[in-house]
Amino acid sequence: PPRPESAAAVADCISAGIRPIMITGDHKVTAAAIARRIGILTDDRQACEGSEIDGLSDEELKDFVENITVYARVTPEHKIRIVRAWQEKGNIVSMTGDGVNDAPALKTADIGCAMGKSGTEVAKGASDLILTDDNFATIVEAVREGRGIYDNIRKAVHFLLSSNIGEILTIFVAMLLGWAAPLLPIQLLWVNLVTDSLPAIALGMEPAEENIMERPPRKNTGSLFGDGLGGRILLEGVMIGVLALLAFGIGHVYFDQEDGYSVGRTMAFAVLSLSQLVHAFNMRGEGSLGKLPFCSNKWLLMAFVVGVALQCVVIMMPPLAGIFQVVPLNGEQWLLTAALALAPLPLVELEKAVWHPKQK
């Protein structure tokens, strides 16, 4: 009999764009009854016996498998042909099994998954991974976990590249315009230390998004920078660079003494660092931040607090201020700095609404 969690696992597979197919040596009536109970079979015409595919050529089988979800009374040769038919249609195929006769199909599949408790040593040796609890639902949870890990890798890369492009553009554009350097080397090193460490690690601990098992599978030929990620990284890097240059210009024009750059550099230094810490929250999901639980990633909150505290200490403590060649900011200057540093939140929300309108 099917386990209680099997039906929910199958439903998760279907919503995630994964098509579960039953291949068994049991009788067709038995297989169809179990498949109906767990949601694999919705139409009796989608069940067949292995003998029905004996007379089909490989090309005919590629069309035939589209309409079949339950195969009964199959041989090891039938299993291999079914796996290959799906692979030739451009699909990634995972095959589960426990017996010696499953080994060839487990080896042929892209991901062979043997049963750890009931599986034979031959099946385990032919597989890519071993399911220690022999539970199909565990495979579905592994898919969920894998998607979450991949998402978090993209989030960390997205954050690091957009932030570093912002730093590069801040210096490069100032040079093109003939301005004085908005940041000194020691200040840039500090910004990298504060922003590229704890926030990036914290993004790697972001919980998986609720709709992660409602997305279609990624194409195996897709790029890490697919779905417009490359364009978004560049756009957000420009945003961070513009905010830092604005802080430098405002600080120099309105607050610096003639031929002085200390306030402008201090404001640019603070905005470049703080805006990246704020920008890390934009990376938490493709949709609006308003739909995510605020405290679900406590590590990111801690990284933000620590980063802001370190940045403020460097500017406000005279011994450190001397080392980093910055000056204390007054209330008005801090308000302008805070406004510019918080700007990534509404700007990226607008970008998400344009780039991913369905996920607002």
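In strand β5, the bridge partner of T96 is C113. This pairing, taken from a predicted model, offers a convenient entry to the structure. T96 belongs to strand β4, which spans residues 94-97, and β4 is joined to β5 (residues 111-115) by four bridges, the two strands running parallel. The two faces of β4 are unlike in their surroundings: M95 and G97 make up a covered face, whereas S94 and T96 make up an uncovered one. In a regular strand the side chains alternate between the two faces of the sheet.

The pairing of β4 with β5 is part of an open sheet of three strands, ordered β4-β5-β6 and paired in parallel. At its edges stand β4 and β6 (129-131), each of which has a single partner strand, so that one side of each is left without a neighbour in the sheet. On average, neighbouring strands of this sheet are turned by 30° against each other, direction ignored. On the β6 side, three bridges link β5 and β6 in the parallel sense, and here M115 stands opposite L131 of β6.

A second sheet may be described in similar terms. Its three strands form an open arrangement in the order β1-β3-β2, again with parallel pairing. The edge positions are taken by β1 (22-23) and β2 (47-49), each pairing on one side only. Between β1 and strand β3 (residues 70-72) there are two bridges, and these strands run parallel. Within that pairing, M22 has V70 of β3 as its bridge partner. Strands of a sheet pair through backbone hydrogen bonds, either parallel or antiparallel. Helix α2 (residues 28-38) lies across β1, β2 and β3, and its direction makes an angle of about 155° with β3.

From β6 the chain passes through a loop to helix α7, and D134 is found in this loop. The phi angle of D134 is near 55°, a positive value in a residue other than glycine. D134 has a relative accessible area of 16% and is therefore buried, the limit for that class being under 20%.

Helix α7 covers residues 136-176 and packs against helix α10 (residues 229-255). Two packed helices are described by the angle between their axes and the distance between the axes. The axes of α7 and α10 come within 7 Å and cross at roughly 45°, and the two helices are therefore oblique to each other. The crossing of α7 past α10 is right-handed. Residues of α7 that take part in this meeting include R154, H158, L161, S163, G166 and V173, while those of α10 include L229, I233, G237, I240, G241 and L245.

Two residues of α7 show the surroundings of this helix in detail. S163 lies in α7 and counts as buried because its relative accessibility is 0%. Beyond residues up to four places away in sequence, S163 touches I240, Q276 and H279. With Q276 there is a polar contact from side chain to side chain, at 3.5 Å. E167, also in α7, is buried as well, with a relative accessible area of 5%. Leaving aside neighbours within four places in sequence, E167 is in contact with L188, V191, N192, T195, L272 and Q276. Q276 is thus listed among the contacts of S163 and of E167. The C-alpha atoms of E167 and L272 are 7.4 Å apart in space, although the two residues are 105 residues apart in sequence.

The loop between α9 (198-203) and α10 contains E209. E209 is buried, with a relative accessible area of 11%. Its contacts, not counting residues up to four places away in sequence, are D151, K155, R215, R284, G285 and E286. D227 lies in this loop between α9 and α10 too, but with 66% relative accessibility D227 counts as exposed. The phi angle of D227 is near 60°, a positive value in a residue other than glycine.

Another helix pair is formed by α14 (residues 331-342) and α15 (residues 344-355), whose axes are 5 Å apart and make an angle of about 20°. That angle makes α14 roughly parallel to α15. In this packing, L340, A341 and L342 of α14 meet P344, L345 and P346 of α15.

Definitions and conventions. Residues numbered from 1 in each chain as written. Predicted model: local features only at pLDDT ≥ 70, side-chain atom pairs only at ≥ 80, totals over all residues. Heavy atoms only, no water. Buried < 20%, exposed > 50% of the residue type's maximum accessible area, 1.4 Å probe, protein only. Polar contact = N/O pair within 3.5 Å; in protein donor to acceptor, adjacent residues only side chain to side chain. Contact = heavy atoms within 4.5 Å. Pairing = 2+ DSSP bridges. Axes fitted to C-alpha atoms, helices over the stretch in contact; angles between N-to-C directions. Parallel < 35°, antiparallel > 145°, perpendicular 65-115°, else oblique. Left-handed = near helix turned anticlockwise from the far one by under 90°.
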